[in-house]
Each structure stands twice: as C-alpha cells, then as structure tokens.
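Q: Please take a close look at a single part of this structure, for a reader who has not seen it before. Please then relate that part to the rest of the chain.

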Amino acid sequence: NGEMERDPATTNAGLTYPRGTATAVYCSGLIWGGKVNDGMSPNIRVGGNDYNRGTRPGKILGIRTGAYEDANDPNVRIWRIRRDYATTDLTLDAAEFFMKSVSQVTSADIANLRAQYKTDWQEWPATKGAPFYDSNNDGIYSPQFDGIGNPKLYPQADEPGIANADQVIWFVCHDLSGSSQWASPQIGLEQQTTIWAYNREGALGNVAFKKFKLIYKGTATTPANATITDMYLCHWSDPDLGDAGDDYVGCDTLLSMGFVYNSKSVDKSYKPFGIVPPAMGYDFLQGPIVPSAGGSAVFDGKIRAGYKNLPMTSFIYFAAGGRYSDPPHAANGAIQWYQMLRGLPPTPQGPPDPPMEIDPITGKPTVFWLPGDPVTRTGWIDGFWDTPGDRRMMQNSGPFTMAIGDTQEVVVGVVGGVGDD
C-alpha cells in the first residue's frame with residue numbers, strides 16, 4: 001500500500017540497522033503535492049504516505065478510466081526475489097520473514113519461504129512494470145529453470161531484477177478509491193516501487209535502494225488536457241534511531257541527503273548489542289527530470305538528452321512537541337504540507353505563503369534547515385530550536401509539471417553507517 005519501513009505486524013519501527021540489532025527508522029513514504037488542473041477543487045492537493053495511507057494496493061487499469069486492480073486479487077501483492085534462493089541457507093531470512101527468532105525457525109518455514117521465492121520468480125510482474133533482464137530482447141519475461149528446478153540466470157535466461165542486485169522487491173499502488181489523508185481528491189497517480197540491495201562487504205552492503213516511478217493516469221472524469229503544475233515529490237521519514245527520544249537530524253546539501261544521528265554517545269536500545277549508535281541517511285540519488293537545453297538526465301536507467309535531474313531542493317524537519325510539529329490530517333494540513341514541500345514553514349498557513357525560515361547562524365533566508373556539520377559542530381545543527389527527541393525528515397524535489405500519461409521517477413538510497421563514536 002505504499003507504507004514503508006514499518007513493521008506490518010506490530011505497526012512499530014520496521015527498519016533494523018545493523019541487521020540483527022535495534023530498529024533505526026519507524027516509518028517512511030513518498031509524498032507528492034501540486035496544483036492539479038483537472039476541473040476539480042481544491043486545486044492544491046497533497047497525497048502519498050506518512051503514518052496514514054493515501055494509496056491502495058494495485059495498478060490503475062488504463063489512462064483516464066478510473067479502474068484499478070482488486071486489492072484482494074492474489075496477483076496484487078509484494079513480489080520479492082533473491083538470486084540465490086534455491087541453494088542458500090534461508091534460516092535468518094525465514095526468521096525475519098516470519099518474525100520469529102532464529103531458534104524458532106523450522107524446516108517447514110524454510111521450505112515455504114523457498115517455495116514463495118520460486119513463485120515470485122516465476123510470476124514476476126513484468127507486464128505491470130517490474131524490471132527484468134531480457135536475454136533475447138523480445139520484451140517478454142520468460143524465466144527458465146534447470147533439470148532440478150533451479151532458476152537460470154541472465155544472460156542464459158530472462159531474470160527478474162535491476163542493477164545486478166542480490167535481492168529485489170517490487171510492488172505497485174495508487175491513489176484512487178478515496179481521498180488522501182489530507183482530504184485531497186483523487187488525482188489518479190500510480191506508484192511503482194522497486195527496492196534492491198547487495199549482499200556485499202563494505203559501503204554497498206550498507207545501502208538499500210528505492211526507486212519510485214510515478215505515472216499520471218487520471219480518473220474517469222479527468223480531461224485529456226489535465227496537468228499537474230508546480231509539483232513536488234518528497235521522501236518523508238520518521239527515524240527512530242534506537243530510542244526515539246534522543247535523536248537529532250540534519251542535511252547535506254551537496255549530497256542531497258537527510259540524516260539522523262544520536263544526540264548522545266550511548267543509546268539505550270543499541271547498548272545491549274555492544275555498539276555505539278549508528279547514523280542513517282536518505283540520499284536523493286536521482287531526482288525528477290525537467291527540460292534543460294543541452295542537458296542530460298538519468299531516466300529509467302538510460303540517459304535522456306535535453307533534460308536534467310533535479311537535486312534535493314529543500315530539507316525540512318519537524319519534531320513531536322517541537323517548534324514545528326505534525327500538520328493535521330485534514331484539508332488545512334494539505335496547505336501546510338504544500339508549504340513544506342517548497343521548503344517553507346507549515347505555519348502560518350497561507351495564502352499568502354509564509355516567508356522562508358532564517359538560518360540562525362548566517363542570518364539568511366533558507367529552504368535547507370540544519371545544513372551544518374554535526375562532526376565539527378559548525379553551522380546550523382540540530383539542538384538550536386528543539387531538545388533531542390522524536391524527529392521527522394522531509395527531503396523535497398521540484399517543481400516540475402506532469403501531463404496525463406507522463407512518468408516521473410526518483411531513486412533514494414537508504415544508507416547506514418557505524419562509526420567509532
């Protein structure tokens with residue numbers, strides 16, 4: 001349904017880092033906002049996912065049809081593959097998948113998981129948009145298996161996946177069937193999400209990549225000339241780095257990254273594992289594309305001439321009980337969110353728009369909050385406004401325009417690291 005980094009069984013924090021230790025992120029999601037010119041009001045609409053879900057499982061069936069897949073259909077699910085599923089030891093994988101300890105994993109658990117991997121490999125939803133390696137370039141996903149049932153890998157056969165990753169997840173959701181959690185009417189946006197990671201040593205083993213492909217398909221009443229102007233995409237996250245009550249956040253404007261770190265040297269959730277608190281970041285590796293004469297952009301894994309990728313264009317944080325707290329899940333919340341998507345404070349609520357926040361160190365207006373260096377303790381760093389606590393981060397990119405049938409995509413790296421302190 002588009003909600004990410006959240007434990008589906010307990011609805012508690014769902015991203016664990018390092019693997020087998022404490023949780024580091026409570027929840028995340030893609031959020032969008034723009035001026036939707038389709039004859040309906042309000043014109044400014046915001047959708048996507050924070051704690052509440054603004055999208056539903058499944059694919060939109062066609063442009064301007066208003067039809068979508070039944071969420072209860074067996075072919076509306078999360079697909080997950082790993083290249084070595086047929087031969088590797090799946091004990092730890094099964095423990096995480098079935099949410100039990102390693103000692104509780106049974107041979108039946110492992111067999112069931114291996115069978116699910118094979119099913120997802122066989123039924124990989126390439127016709128819906130899931131990426132795959134096409135060994136004969138015929139555009140049709142046709143997996144093959146050897147005599148004992150193991151999958152043949154590319155280039156010997158078609159293979160599901162992307163970027164030579166060792167594990168890949170894919171799902172699709174949409175914003176039809178109800179208004180968003182901010183009371184915005186349906187737009188008709190389909191979100192295809194690909195997540196991939198590597199079983200490697202070093203830095204690459206500490207990153208999970210998330211690619212969001214957003215397609216404007218419209219509703220049954222959307223006119224053919226409808227557009228979304230002044231649109232922004234946001235990777236929103238609520239990091240809970242171990243104990244959520246002692247977190248700080250910040251941004252690196254050169255890397256287009258937002259990050260969370262501990263405000264003190266010991267975190268009570270990480271202490272039992274004998275490690276210092278790690279740091280986590282979300283890196284905008286590939287932003288939306290906009291026209292640019294003589295430019296080149298990365299799009300769908302290829303170079304597209306005459307465009308450029310936007311970087312992170314603003315960074316905002318808010319904190320439970322802090323200077324700026326969670327905007328309401330109501331119509332006025334959509335206005336506040338649209339202000340934040342552009343790097344403006346949520347309050348006072350426009351129109352007119354509030355002024356940019358002032359960097360307390362430089363005294364200059366800015367749309368990048370907390371851009372200082374917490375290692376050298378220079379520049380504007382967290383702790384100036386709010387005491388350590390539960391933070392939310394917004395990494396925004398825009399503006400751009402979408403017409404009916406247009407596609408935009410962003411790639412975000414979920415990065416973890418453990419240092420000496």
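A: Two strands are said to pair if DSSP finds at least two bridges between them. The model is a predicted one, and the part chosen here is the hairpin of β12 and β13.

Strand β12 covers residues 247-252, and strand β13 covers residues 257-262. The two run antiparallel and are joined by six bridges. Within this pairing, Asp252 stands opposite Met257 of β13. Between the strands of the hairpin lie four residues, and Ser256 takes a positive phi near 55° there. Most residues other than glycine have a negative phi. As for its surroundings, β12 has five of its six residues buried, so the strand is largely enclosed by the rest of the structure. Buried here means under 20% relative accessible area.

The hairpin belongs to a protein chain with three helices and 21 strands. The radius of gyration of this chain is 22 Å, close to the 22 Å that the globule rule gives for 421 residues, so the chain is as compact as a globular protein of that length. Its C-alpha trace spans about 70 × 60 × 40 Å along the principal axes. Of the 421 residues, 50% are buried. Among contacts with a separation of 6 or more, 66% are between residues 24 or more positions apart.

Helix α3, residues 331-341, may be set beside β12. Eight of the eleven residues of α3 are buried, so this helix is likewise largely enclosed by the rest of the structure. Trp337, Tyr338 and Met340 are among these buried residues. Their cover includes β2, β3, β11, β17 and β20. After the helix comes Gly343, with a positive phi near 85°.

Ser256 is not a lone case of positive phi outside glycine. Ala163, in the loop between β7 and β8, has a phi near 55° and is partly exposed, with a relative accessible area of 42%. Asp300, in the loop between β15 and β16, has a positive phi of about 55°; it too is partly exposed, at 34%.

Loops also hold the cis peptide bonds described here. One joins Tyr17 and Pro18, with omega about -15°, and Pro18 is in the loop between β1 and β2. Another joins Gly350 and Pro351, with omega about 0°, and Pro351 is in the loop between α3 and β18.

Two serines in loops show opposite settings. Ser180, between β8 and β9, counts as buried at 11% relative accessibility. Leaving aside neighbours within four places in sequence, Ser180 is in contact with Val46 and Gly47. Ser41, between β2 and β3, is exposed, with a relative accessible area of 59%. The C-alpha atom of Ser41 is separated by 42 Å from that of Asp243, 202 residues away along the chain.

Conventions
Residues numbered from 1 in each chain as written. Predicted model: local features only at pLDDT ≥ 70, side-chain atom pairs only at ≥ 80, totals over all residues. Heavy atoms only, no water. Rg over C-alpha atoms; globule rule 2.2 N^0.38 Å. Buried < 20%, exposed > 50% of the residue type's maximum accessible area, 1.4 Å probe, protein only. Contact = heavy atoms within 4.5 Å.
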